[in-house]
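I am opening a fresh notebook page for a structure that I have not looked at before. My plan is to go from the ligand outwards and to write down what I look up as I go.

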Amino acid sequence: MLEQKLTLEMIESLCKRRGFVYPSSEIYGGFAAVYDYGPYGVLLANNIKAAWWKAMVQLRQDIVGLDSAIFMHPKTWIASGHVGGFADPMSECKECHSRLRVDHLLEAIDVVADEKMSEDEINALFDAHKSEIHCPKCGNSNFTEAKKFNMLVKSNLGQFTENWNADPSYLRGETCQGIYLNYKNVLNSCRVKVPFGIAQIGKAFRNEITARQFIFRTRELEQMEMQYFVHPDREMEEYERLREYRWNYYRDLGIDMNKLKWHKHENLVFYAKEAYDIEYAFPFGTKELEGIHARGNYDLTQHGTHSGVDMTYLDPKSNEKYIPHIIESSVGVGRSFLMVISDSYREEGEDHDKRVVLKFPKHLAPIKVAVFPLLKNKPELVSRAKEVFQELQKQWMCEFDDNGNVGKRYRRQDEIGTPYCVTVDFDTLTDHAVTVRDRDTMQQERVPLSQLQNYLTAHLSA
Ligand code: ATP
């Protein structure tokens, strides 16, 4: 049980103190909404990505992987609608000059608004409610009118003139466009038939206006996306299957399912058939974790029109020709990471028995086993412990620690979520057994060295 309500500040502080996440460029005062993943953070993020890849590619005969480039032909973003419409409504507080997202300010006072509304629609709502809205930074209610601000990040890649800004290339705003552009390549080079999916994990970039909430909303982000190509008549049936599959994925990942819920979009873009988000109860509120959308044939039609390439699919059995419809699942690595840490964070015990422990699902834990010699200054213990460590690290990500006393080492391993700690003591030298301590129960068990690998294999997969 938590002794105190979990806050984002508690998570952020643990993440920095224990090498999970650092603010980017900290020695220069930081760089807003960009974060670096530290030694334990990169391990956790990799384990999250591996779990996603396993569920979305390895266990699926009908889905293949892809790693498309961050840069794409600039026409991509015109065809996709991002140059014209990937914009959030922004207002500035006239007192403290904070830039704020108007749809979020309205939502905070329970007025339904979203980024898809036109500038006029959002300003009408904003004007009607301005007096009830206060700047989250200075508390005043003196705002400029809302302006739509495009979130695509521009670059001069491939441009060698001063005025590159007039004809920029873009850092991708979402990974799925690389999937649409490779749909024909995959069809022609792999033995896939509709229905099939293409999955990829990669970086995307968005000029987010408000960038609080730690790694929940960053300007450089990583997405795990899967686009599934289906016959138009089967779109909604496959959509329901994908929703169920993604819901069960979180159960299998080990997430507290009481903290997840569905949110149906009421205000759909014109081409979408249906859209749901999976939301998670983060410490600062229940917010979008993943989007699952039925997108019709909009994406392939747009790229077909703008490129002149025929995007139709010829069914090899029926000879029917059609543009496949797409259903997608899209989730951020950063939001998944924040969910996993929030879900695992516990404070237990009292006074000097108090501990912070990250009770990660074991398959996600950055370090699986820590190995200690009981005392640092006894060479026979240290060398035996090193032997044990070197054997175990062939199989798992392990850590050797001989700093401080064993109690302090346990606390440190608890804070990075290590499921098992193995201690080599004086008895080990004669009985050839070690003490294994369980992170969750704190129970200790004597395990013969000859059985240690089997013991850990069984317990880590339990
Ligand atoms: P939001 O409404 O929170 O801005 P969105 O609806 O714009 O999110 P999508 O474009 O549907 O998000 O992106 C799919 C997923 O990518 C989101 O569900 C989220 O997990 C992740 N994501 C999107 N934007 C960000 C961001 N700025 N930082 C971190 N993750 C993000």
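**Entry 1: around the ligand**

How do the residues of the shell around the ligand divide into nonpolar, polar and charged? I looked this up in what is a predicted model, and I found 3 nonpolar, 6 polar and 7 charged residues in that shell. The ligand is surrounded by 16 residues, and I noted L221, G291, S330, G332 and R335 as the closest of them. I then asked which elements give two or more residues to this shell, and the list is β10 (220–230), β13 (285–294), β16 (325–332) and α11 (333–344). The largest share comes from β13, which supplies 4 residues to the shell around the ligand.

**Entry 2: the sheet with β13 and β16**

Since β13 came up around the ligand, I went on to look for the sheet that contains β13, and I found an open sheet of 7 strands in the order β3-β9-β10-β16-β13-β12-β11, with mixed pairing. Its edge strands are β3 (63–65) and β11 (260–264), each of which pairs on one side only. From one strand to the next, the twist averages 25 degrees.

I looked at one pair in this sheet in detail: β13 and β16 run antiparallel to each other and are joined by 5 bridges. Within this pairing I wrote down one partnership, namely that A294 has I327 of β16 as its bridge partner.

Next I checked which helices pack on this sheet. Helix α2 (residues 39–58) does so by touching β3, β9 (196–205) and β10, and its direction makes about 155 degrees with that of β9. Helix α11 also packs on the sheet, where it touches β10, β12 (274–282), β13 and β16, and its direction makes about 50 degrees with that of β16.

**Entry 3: Y37**

I picked Y37, which is found in strand β2 (residues 35–37), and asked whether this residue is buried or exposed. Y37 is buried, because 21 other C-beta atoms lie within 10 Å, and the cut-off for a buried residue is 20 or more. Leaving aside the neighbours within four places in sequence, Y37 is in contact with V21, V42 and A45. I also noted a pair that spans much of the chain: Y37 and G334 are 297 residues apart in sequence, while their C-alpha atoms are separated by 9.8 Å.

**Entry 4: domains**

How is the protein divided? The assignment gives domain 1 (8–72 + 153–343), domain 2 (87–150) and domain 3 (367–460). I looked up the distance between the C-alpha centres of domain 1 and domain 2, and it is 27 Å. In the contact of these two domains, 4 residues come from domain 1 and 9 residues from domain 2. On the side of domain 1 that touches domain 2, I found 2 nonpolar and 2 polar residues, and no charged ones.

**Entry 5: the sheet with β22 and β23**

I then turned to another open sheet, in which 5 strands follow the order β20-β19-β21-β22-β23 with mixed pairing. At its edges stand β20 (398–400) and β23, each with a single partner strand, so one side of each is left without a neighbour in the sheet. Neighbouring strands of this sheet are turned against each other by 25 degrees on average, direction ignored.

How many buried residues does strand β23 (residues 444–448) have among its 5 residues? The count is 0, and the strand is thus noted as hardly covered. Strand β22 (residues 433–438) runs antiparallel to β23 and is joined to it by 5 bridges. Among the bridge partners in β23, I wrote down P448 for A433 and R446 for T435. The hairpin of β22 and β23 has 5 residues between the strands, and M442 in this hairpin takes a positive phi near 60 degrees.

**Entry 6: the whole protein**

Last, I stepped back to the overall figures. The protein has 15 helices and 23 strands, and its C-alpha atoms fill a box of roughly 75 × 65 × 50 Å along the principal axes. Of the 462 residues in the protein, 35% are buried. When I looked at contacts between residues at least 6 apart in sequence, 64% of them turned out to join residues at least 24 apart.

Methods
Residues are numbered from 1 along each chain as its sequence is written. This is a predicted model: local features need pLDDT of at least 70, side-chain atom pairs count only at pLDDT 80 or more; totals for chains, interfaces and linings use all residues. A residue is near a molecule or strand if its C-beta atom, placed from the backbone, lies within 6 Å of it. Ala, Val, Leu, Ile, Met, Phe, Trp, Tyr, Cys and Pro count as nonpolar, Asp, Glu, Lys and Arg as charged, and the others, Gly among them, as polar. Domain bounds come from an automatic or database domain assignment. Two residues are in contact if their C-beta atoms, placed from the backbone, lie within 7 Å. A residue is buried if 20 or more other C-beta atoms lie within 10 Å of its own, exposed if 12 or fewer, and partly exposed in between; C-beta atoms are placed from the backbone. Two strands pair if DSSP finds at least two bridges between them. Axes are lines fitted to C-alpha atoms, for helices over the stretch in contact, and angles run from 0 to 180 degrees between N-to-C directions.
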